[in-house]
Amino acid sequence: MLKKTLGTFLQTLGKAPLAFIINLGYFTQFVAKSVYNCFMPPFYFRLFGMQFLNIGFYSLPVVGLTTLFAGMVIAIQTYSGISEYGAESVVASVVLISVTRELAPVLSALMVAGRIGAAMAAEIGTMRVTEQIDALITLSANPFRYLIAPRIWAAIIVMPLLVLFGDIIGIFGGYLVGVYKLDFNPANYITNTMDFMKSTDIIMGMVKAGVFGFIISVMGCYHGYRSKGGAQGVGEATTNAVVTASILILIANYLITELFFAR
Amino acid sequence: MAENKIEIRNLYKAFGKKKVLNGVDLDVKKGESLVVIGGSGTGKSVLIKCIQGLLIPDSGSIKIDGVETVETSENIHEKMGMLFQGAALFDSLSVWENVAFVPLGKGKMSKKDAKTEAIRVLRQVGLAPDVADLSPAELSGGMQKRVGLARAIITKPEIIFFDEPTTGLDPIMADVINDLIIESARGLGATTLTITHDMASARKIADRIAMLYHGKIIWIGTVKEMENSDNPYLQQFITGNAQGPIQVEV
Ligand SMILES: Nc1ncnc2c1ncn2[C@@H]1O[C@H](COP(=O)(O)OP(=O)(O)OP(=O)(O)O)[C@@H](O)[C@H]1O
Ligand SMILES: [Mg+2]
């Protein structure tokens, strides 16, 4: 009786929100299971190493390029937006703060989401639709430990390092524009940068990056793991992984920023 | 021989509104080769996935060696091997790493020993040692099935499942696989459950045949009994006739 009433009630509410709630349930369960299995042996160090290399090393060019141009553009925008007076120190500090706090973590994460989130969803999705995940289970290997835990660990650990690298390149981009385009004194630019450098900014950026790494890997694995229906399903999973990861990154970025900087 | 290795009672499984298994009762005796036949989409794969715990049934009981599978804390997978419909080889690993997946993963065997063992089992299924270092994508469908078989039997399982081992193969390769299934099962003394709609294969490897239709086992018996049966559903299926009581939903 109750079930029936509830059924009609939910039906009138419409199917889309219902599907969302059901998926939210699955998703929560999936995340809990993933996190739990991240701490359970066996640990597949070789697979972790492969993911670490794949996410970290091969993302260096893309992260370097994005942060380089971000730093350069911020230098020009800041300069054009302020009076000549004191420009030298303002440009250096704005580049420093915006790169370390926001641009390096967020842009790197979005780039890695496109590169790695998609690859994870495609790889795990293909394993799902070709029954390789079932095969893992029948061979007594837990897919959460074999496939998902190494990816999550690698992403969480490698993202902050990538962002540190992005920080350096981004600041260097600002320096290039400052010195070669705006004719600042190179030594002064460096001194100004050093004066404004705060370890909390850099560490905050790296903490954000760790969170983003978690989001990227979990979204990639989740959509891959739940994909069905052959090549088309895998394609959808790939798109969904990138889109949801990107949105969650931006939301998480706001929340973390508010938590730590809005005083 | 009379002992039941697998005992299934009143098994139900639905996906949303689609009822796939609708009260399946089935016993597989220790050491026998049971073949389940049935049309495409009747739930044959779902049935063996339920037995292996890859899918959770809605209700019903599955016992292996008299123990309820959902309740036991032991790892039921150690007793079982499975050859998947599409072989399901890991494409990120080489052929020998696929075959030696379990021994390698347990870490009880050195890499070198595991490879030697993998090559030995590959030879058993008729593959040359130089296949060992290839990647699964470089193999033909028939070779992939053999590698899948090697991966399933390397652990010497007590129960082996074969999901359509001969589909997609030419008749000669299909027969080679049939022989391999018979040999490897006999060699291990294993109980086997095979799913197929290839009647030639079913006749060759089965001790008993069961037919799945509309979510139930509607007939079970030996090959000889099957040939003489007057069950119209069974007759239509084994003669491959479009006319009869089985309506094909198009
Ligand atoms: N994970 C799943 N989610 C939803 N439906 C499923 C799932 N697995 C199987 N089904 C449905 O269950 C039915 C039976 O599928 P199953 O794969 O067991 O068929 P089969 O008898 O093995 O057929 P075939 O001989 O073609 O392999 C199909 O209609 C399929 O759509
Ligand atoms: Mg099937």
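Student: How many residues of the shell around ligand 1 are nonpolar, polar and charged, and what makes them count so?

Tutor: The shell divides into three nonpolar, eight polar and three charged residues. Ala, Val, Leu, Ile, Met, Phe, Trp, Tyr, Cys and Pro count as nonpolar, Asp, Glu, Lys and Arg as charged, and the others, Gly among them, as polar. Bear in mind that this is a predicted model, where local features need pLDDT of at least 70 and side-chain atom pairs pLDDT 80 or more, while totals for chains, interfaces and linings use all residues. Residues are numbered from 1 along each chain as written, chains are lettered from A and ligands numbered from 1 in written order, and side-chain values use heavy atoms, without hydrogens or water.

Student: Which residues come nearest to ligand 1?

Tutor: There are 14 residues around ligand 1 (a heavy atom within 4 Å makes a residue near). B:Lys18, B:Gly41, B:Lys44, B:Ser45 and B:Glu164 come nearest.

Student: What makes the pair between ligand 1 and the side chain of B:His197 a polar contact?

Tutor: An oxygen atom of ligand 1 is 3.1 Å from a side-chain N or O atom of B:His197. A polar contact is a pair of N or O atoms within 3.5 Å, so this pair qualifies. B:Lys18 has such a side-chain atom 3.3 Å from a ligand oxygen, and B:Ser40 has one at 3.3 Å too. Taken alone, ligand 1 exposes 640 Å², of which the protein buries 64%.

Student: What coordinates the magnesium ion, ligand 2, and what makes an atom a donor?

Tutor: B:Ser45 (OG) and B:Gln85 (OE1) coordinate the ion, at 1.9 to 2.5 Å. Both count as donors because N, O and S atoms qualify within 2.8 Å of the metal (3.2 Å for Na, K and Ca); water is not among the atoms, so sites may look incomplete. B:Ser45 sits in helix H1 of chain B and B:Gln85 in the loop between strand E6 (80-83) and helix H2 (95-99), 40 residues apart.

Student: Why is B:Gln85 called partly exposed?

Tutor: Its relative accessible area is 33%. Buried means under 20% and exposed over 50% (1.4 Å probe, protein chains only), so B:Gln85 falls in between.

Student: How many disulfides does a search of the whole structure find?

Tutor: Zero, over all chains. A:Cys38 is in no disulfide, and the nearest cysteine sulfur, that of A:Cys221, is 9.0 Å away. A disulfide needs sulfur atoms within 2.5 Å, so the pair is too far for a bond.

Student: Why does A:Cys38 count as buried?

Tutor: A:Cys38 counts as buried because its relative accessibility is 4%. A:Cys221 is buried as well, at 0%.

Key: Polar contact = N/O pair within 3.5 Å; in protein donor to acceptor, adjacent residues only side chain to side chain. Areas by Shrake-Rupley, 256 points an atom, 1.4 Å probe, with all protein chains shown as cover. Helix = DSSP H or I, 4+ residues; strand = E, 2+ residues; numbered from the N terminus.
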